[in-house]
Amino acid sequence: IAVPGAQEGEALDVLECTADRPISKLYDSHVKFWRGRWEGNSHLWWGRRVKPGDRLRLRVESKAAGRQALVLALTRGSDHGLFKVSVNGTIVAPALDLYDPDLRTSEVEFKDVELKAGANELEFQIVGSNSRAREWGPGTGLHKFGLDYVLVK
């Protein structure tokens, strides 16, 4: 489903990553488990050997400077973590919980975020996991992260 003006997660520049680099992961193999909708056929997936404290910093573009809404289409799942979300060094969510018993993509909107015209830094830092989180397979971890798209409006 096309989202006008969306910046695809898998196409964003990675500015910093303190664990294994994220990859572009296709939805195809998970389509029978997926709930919700997604833009295109893949997302930015970060989850190999990640642990609390690890950070992923991405470049997001804005056409204008000022306070705007920042919409993130995020993957949620039984093995996804809790993340501190920051924009240009300012925390917009101290512990965003991406746990869901089902596998789904849904939007989270942060209103009134100060953005610069041009490049902005969007950072995700692992701060933990939900007490209900469960691994998909032994040793696969509980701190996964998926970003379908970013929308500035």
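Strands here are DSSP runs of E, at least two residues long, numbered from the N terminus. With that in hand, let's walk through this predicted model, starting at strand β10, which covers residues 103-115 and holds Glu 114.

Glu 114 comes out at 43% relative accessibility, so it counts as partly exposed; the band for that label runs between 20% and 50%. Who sits around it? Setting aside residues within four places in sequence, Glu 114 is in contact with Gly 66, Arg 67, Val 87 and Asn 88. Arg 67 deserves a second look: it is 47 residues away from Glu 114 in sequence, yet their C-alpha atoms are 4.4 Å apart. Their side chains also pair up, in a polar contact at 3.0 Å.

Now hop over to Arg 57, in strand β6 (residues 55-62). Its relative accessible area is 19%, and because the cut-off for buried is under 20%, Arg 57 counts as buried. Its side chain makes a polar contact with the side chain of Glu 121, at 3.0 Å. Beyond four places in sequence, Arg 57 touches Glu 121, Leu 122 and Glu 123, along with Asp 13, Val 14, Leu 15 and Glu 16.

Leu 122 leads us on to the nonpolar interior, as one of the residues with the most contacts inside the largest nonpolar core, together with Trp 46, Leu 72, Phe 145 and Leu 147. That core has 28 residues. Elements giving it two or more residues include β6, β7 (66-76), β11 (118-129) and β12 (145-152). The top contributor is β10, with 4 residues. Apart from this core lies another, of 5 residues, with Val 3, Ala 73, Tyr 149 and Leu 151 among them.

Definitions and conventions
Residues are numbered from 1 along each chain as its sequence is written. This is a predicted model: local features need pLDDT of at least 70, side-chain atom pairs count only at pLDDT 80 or more; totals for chains, interfaces and linings use all residues. Side-chain values use heavy atoms; hydrogens and water are left out. Buried means under 20% relative accessible area, exposed over 50%, partly exposed in between (1.4 Å probe, protein chains only). Contact means heavy atoms within 4.5 Å. A polar contact is a pair of N or O atoms within 3.5 Å; within protein, one must be able to donate a hydrogen and the other to accept it, and residues adjacent in sequence count only if both atoms are side-chain atoms. A nonpolar core is a set of buried Ala, Val, Leu, Ile, Met, Phe, Trp, Tyr and Cys residues joined through side-chain atoms within 4.5 Å.
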